[in-house]
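Reader: Please take me closely through one ligand site. Start from the shell and work outward, with distances where you have them.

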Amino acid sequence: MAFAGDSALLCRQIITKNTGLNFLNRGFSVPISPLRFCFNGDKLKGCEVKIGVRAALQSVESVEISKSLEGFSGFDAVTEGELREKGFLGLRKTKLVCTIGPACSSLEDLERLALGGMNVARLNMCHNSREWHRDVIWKIKKLNVEKGFCVSVMIDTEGSQIHVVDHGAPSSVKAEHGSIWLFTTEKFEGSRPFTLQANYEGFSEGIIVGDELVIDGGMASFEVLEKIGNDLRCKCTDPGLLLPRAKLRFWREGKLVEKNHELPTLSTKDWSDIEFGISEGVGFIAMSFVNDADAVNHLKNHLSTKTSASIKVLAKIESMESLHKLEEIVEASDGIMVARGDLGVEIPLEQIPTVQETITHVCRQLNKPVIVASQLLESMIEYPTPTRAEVADVSEAVRQFADALMLSGESAIGSYGQKALSVLRTTSSRMELWSREENRQNGLHQRQLEQSLPDRIAEQICNCAVEMANNLGLDAIFVYTKCGHMASLFSRNRPNPPIFAFTNNESTRMALTLQWGVMPVLVDLSDDIEVNISKTVDLMKTKGMVEEGDVVLVVSDVIPSCETPTVFQSIQVKTIV
Ligand SMILES: Nc1ncnc2c1ncn2[C@@H]1O[C@H](COP(=O)(O)OP(=O)(O)O)[C@@H](O)[C@H]1O
Ligand SMILES: C=C(OP(=O)(O)O)C(=O)O
Ligand SMILES: [K+]
Ligand SMILES: [Mg+2]
């Protein structure tokens, strides 16, 4: 019992230094179960750190399986099945988002996607009717209740951007080299030859003769020949396809012409879609074309006055302006989407990979979940196999430890949506296995998140506990959390074992569906940590999800409220008996 004498010192070592953990690994020859460190945060309030350490060497007593578990449905059926089949380390950590569209909106299709690993269903409010979206949300909720899935719903705002309006049949038009076209704000029905309608009157504000009009990030390009009022007469310089809702951007001397309009981030339609999202109880609102933190704060304030449920706001990084203010936007939001589709319209394509890596890194440093989106498996909209380059792109996002990957057209309108989802699933699992070894060697140099002592301690506990779980080769991490904060701090460290986050809050459970490596579980939590621990271990045992000999790291942070999350914490390493 080397450390009974100077517990506080040892504890500090464990919290702050690798050496404490190595010491445990090398020098502590008795079985590691149960080892317990208790941090009594009440004392921390006075800023005098007194950390109590208790090391108990008796074995964990087998706990009688409680009858109160009957009717329990807090596990999600897919994780449960995956765990039984593949074991703890086989659980996929990277989360999967599917855009729901006409190709996958039946109850049967949605069930197949849920079974295939969809964690979040995304509804793009650009398309289809309110009733259609309501019907999809209703089906997802029904499946969650009846089939035990844990799929959360995200709505994605249309946002304000300049594009051509849907010009009706034929669905795409070819622009030939040298052909002359009129881009007009005049509204007309149907189609006119060589004429395209812009959706916004001010689309040509500040544009001058000689500027380059780039369609959809390079599908076709035009030179502006003449300005007639707000309309532009242009000559095609790079032939290509003009799709419905094709995006319009102007370039001058090799650079994007920035802010040539003053459209609000949230339009009247977006606000009404947001009201719809609130009333339907969605988990996430993805905000298109966020340019600064104000827009995010505005929506978050609005949500806090409108609903007590916690709806997470995800900022989509898809404009040049948003890149200039990346950190403030990440800080303000609850998560980020790297919206590579529109980003590729705003910045040269060759910059996308490095920008993606930067965004992913900033999100991890600031502890916000990040989704890598768009064209991951684009060719699968039409073909049953992905290109090798697409698989490499998916693997790279997984290797960067993105929290989630997203399908757009592949699931919404593609013929092989489920297959595309399975490509994401298998590619993620494969790459996670590969990077686990790397992970062991290169721990993240964490930026300190918070200033107050209790918050810093929570952070350090999670960082060190993950190091401990990795070094000891533990099977799983159990965390008890009301708001999901501790679970996210664990996730941020991208531990090798999966993180089971037990929460009594449905919004927290749904929000955690997006976080890397977190398996959210809904349970009743009491104020007695020991009761929570034995109850959840029992639960896992009854379900056959843990078995004798499994060793789990248990961290608790539930007392007393979300506002003061770090009042009491304990870490235990527990062998299941
Ligand atoms: N709810 C829907 N109804 C009809 N079509 C949809 C729907 N959602 C998505 N789609 C189709 O899937 C394609 C890809 O989806 P997404 O990437 O979300 O949209 P976009 O390409 O408009 O940015 C869209 O272009 C659209 O054709
Ligand atoms: C995800 C994106 O946004 P949307 O599909 O709404 O254009 C994107 O631009 O990549
Ligand atoms: K959108
Ligand atoms: Mg976009």
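Author: A residue counts as near a molecule if one of its heavy atoms lies within 4 Å of that molecule. Keep in mind that this is a predicted model. Take ligand 2 as the site.

Which residues surround ligand 2? The list runs R122, N124, K316, E318, M337, A339, R340, G341, D342, S374 and M406. By class, 5 of these shell residues are charged, 3 are polar and 3 are nonpolar. Helix α10 gives the largest share, with 3 residues. Strands β4 and β17 (335–339) contribute too: each of them, like α10, supplies at least two residues.

Now the polar contacts of ligand 2. The side chain of D342 places an N or O atom 2.7 Å from an oxygen of the ligand. The side chain of R122 does likewise at 3.1 Å. R340 uses its backbone instead: a polar backbone atom there sits 3.3 Å from a ligand oxygen. As for cover, ligand 2 on its own exposes 290 Å², and the protein buries 89% of that.

Two shell residues lead on to a metal. E318 and D342 belong to the shell of ligand 2, and they also coordinate the magnesium ion, ligand 4. The donors are OE of E318 and OD of D342, at 1.9 to 2.1 Å. These two residues come from distant parts of the chain, 24 residues apart. E318 lies in the loop between β16 (312–317) and α8 (320–324), while D342 is in helix α10, residues 340–346. Are E318 and D342 buried or exposed? Both are buried.

From magnesium, step to the second metal. The potassium ion, ligand 3, is 5.4 Å from the magnesium ion. What coordinates the potassium ion? N124 gives OD1, D156 gives an OD atom and T157 gives its O atom, at 2.7 to 2.9 Å. Along the chain these donors follow the spacing N-x31-D-T. D156 and T157 are both buried.

N124 is a useful link. N124 stands in the shell of ligand 2 and coordinates potassium. N124 is also among the closest residues to ligand 1. R122 appears in both ligand lists as well: R122 surrounds ligand 2, and R122 is one of the closest residues to ligand 1.

So much for the links; next comes ligand 1 itself. How many residues surround ligand 1? The shell holds 14, and the closest are R122, N124, H127, N128 and W132. Here the classes are 8 polar, 5 nonpolar and 1 charged. Strand β4 (120–124), helix α5 (130–147) and helix α13 (409–412) each supply at least two shell residues. Strand β4 thus serves both sites, with at least two residues in the shell of ligand 1 and at least two in that of ligand 2.

The polar contacts of ligand 1 follow. R122 brings a side-chain N or O atom to 2.8 Å from an oxygen of ligand 1. The side chain of N124 has such an atom at 2.7 Å. H127 also contributes, with a polar side-chain atom 2.7 Å from a ligand oxygen. The protein covers 72% of the 530 Å² of accessible area that ligand 1 has alone.

Now compare R122 at the two ligands. Its side chain has a polar contact with an oxygen of ligand 1 at 2.8 Å. The contact with an oxygen of ligand 2 is at 3.1 Å.

Away from the ligands, check the cysteines. A disulfide needs two cysteine sulfur atoms within 2.5 Å. By that rule, the count is 0. C150 is in no disulfide, and its nearest cysteine sulfur, in C98, is 14 Å away. C150 is buried, at 7% relative accessible area. For C363, the closest cysteine sulfur belongs to C462, 19 Å off, which is too far for a bond. C363 is buried too, at 0% relative accessibility.

Two more buried residues complete the tour. Q197 lies in strand β8, residues 195–197. Its relative accessible area is 9%, so Q197 counts as buried. The Q197 side chain reaches the backbone oxygen of F188 at 2.7 Å. S288 sits in the loop between β15 (284–287) and α7 (293–306). S288 is buried at 1%. Its C-alpha is 20 Å from that of S310, 22 residues away along the chain.

Conventions: Residues numbered from 1 in each chain as written. Chains lettered and ligands numbered in written order. Predicted model: local features only at pLDDT ≥ 70, side-chain atom pairs only at ≥ 80, totals over all residues. Heavy atoms only, no water. Polar contact = N/O pair within 3.5 Å; in protein donor to acceptor, adjacent residues only side chain to side chain. Areas by Shrake-Rupley, 256 points an atom, 1.4 Å probe, with all protein chains shown as cover. Helix = DSSP H or I, 4+ residues; strand = E, 2+ residues; numbered from the N terminus. Nonpolar A, V, L, I, M, F, W, Y, C, P; charged D, E, K, R; others polar. Donors = N, O, S within 2.8 Å, 3.2 Å for Na, K, Ca; no water. Buried < 20%, exposed > 50% of the residue type's maximum accessible area, 1.4 Å probe, protein only.
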